[in-house]
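Work through the following exercises with the sequence and the coordinates at hand, and try each task before reading its solution.

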Amino acid sequence: VGFWGEVDRVYGPTPKQLVVEDGVKGRTVVITKDAGFPDAVVWNPWLEKARALSDLPDSGFIRFLCVEVGAVRSPVTVKPGAEWEGSQTL
């Protein structure tokens, strides 16, 4: 996935391992998730929204990428007394 502006996208279902490759610095991050999280969200605020975030420098969006796993397309409802489990490892 590449982007050249604000992005907030849900992908799914996604594979058990998600790989984020930084082609500029040659870094790779692998996110391993279980079946409790079938989806992934890729997010970057870009310039305008980065300016509104107090914990991100105005130009921080250039080096910023958020990849979150979740159950977004089919949210999970956990009833009282029931259990649900989801995990991710970076």
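## Exercise 1: A charged pair in a helix

Glu48 counts as exposed, with a relative accessibility of 57%. The model is a predicted one, and the tasks below should be read with that in mind.

Task: Determine which side chain meets Glu48 in a salt bridge, and how the pair is placed in helix H1.

Solution. Begin with the contact itself: the side chain of Glu48 meets that of Arg51 in a salt bridge, with an N to O distance of 3.4 Å. Next, consider the positions along the chain: because Arg51 and Glu48 are three residues apart in helix H1 (residues 46-52), about one helical turn separates them. Finally, compare each relative accessibility with the cut-offs, by which exposed means over 50% and buried under 20%: Glu48 at 57% is therefore exposed, whereas Arg51 at 47% counts as partly exposed.

Helix H1 also contains Trp46, whose phi is near 60 degrees, a positive value in a residue other than glycine. With a relative accessible area of 28%, Trp46 is partly exposed.

## Exercise 2: The sheet with strand S4

Task: Establish the strand order of the open sheet that contains S4, and name its edge strands.

Solution. The order is S1-S4-S5, three strands with antiparallel pairing. The edges are formed by strand S1 (7-11) and strand S5 (66-70), each of which pairs on one side only. From one strand to the next, the twist averages 15 degrees. Looking at the pairing in detail, S1 and strand S4 (residues 39-44) run antiparallel and are joined by five bridges, and the bridge partner of Arg9 in S4 is Val42.

The loop between S1 and S2 holds Pro13, which is joined to Gly12 by a cis peptide bond with omega of about -10 degrees.

## Exercise 3: The sheet with strand S3

Task: Identify the edge strands of the open sheet that contains S3, and explain why one side of each is without a neighbour.

Solution. First, read the order, which is S2-S3-S6, again three strands with antiparallel pairing. Strand S2 (17-22) and S6 stand at the edges, and because each has a single partner strand, one side of each is left without a neighbour in the sheet. Then turn to S2 and strand S3 (residues 27-33), which run antiparallel and are joined by six bridges. Asp22 stands opposite Arg27 in S3, and the side chains of Arg27 and Asp22 also meet in a salt bridge of 2.8 Å, N to O. Asp22 is partly exposed, at a relative accessible area of 22%.

## Exercise 4: A link across the sequence

Task: Of the four salt bridges found in the whole structure, examine the one between Arg73 and Asp39, and state which parts of the chain it ties together.

Solution. The closest N and O atoms of Arg73 and Asp39 are 2.5 Å apart. Since Arg73 lies in the loop between S5 and S6 while Asp39 lies in strand S4, the pair ties together parts that are 34 residues apart in sequence. The two partners can then be assigned by accessibility: Asp39, at 1%, counts as buried, whereas Arg73, with 46%, is partly exposed.

The loop between S5 and strand S6 (88-89) also contains Val76, which counts as partly exposed at 40% relative accessibility. Together with Val78 and Trp84, Val76 makes a nonpolar surface patch of about 260 Å².

Notes:
Residues numbered from 1 in each chain as written. Predicted model: local features only at pLDDT ≥ 70, side-chain atom pairs only at ≥ 80, totals over all residues. Heavy atoms only, no water. Pairing = 2+ DSSP bridges. Helix = DSSP H or I, 4+ residues; strand = E, 2+ residues; numbered from the N terminus. Axes fitted to C-alpha atoms, helices over the stretch in contact; angles between N-to-C directions. Patch = residues over 30% accessible without salt bridge, like charges linked within 9 Å, V, L, I, M, F, W, Y side chains within 5 Å. Areas by Shrake-Rupley, 256 points an atom, 1.4 Å probe, with all protein chains shown as cover. Buried < 20%, exposed > 50% of the residue type's maximum accessible area, 1.4 Å probe, protein only.
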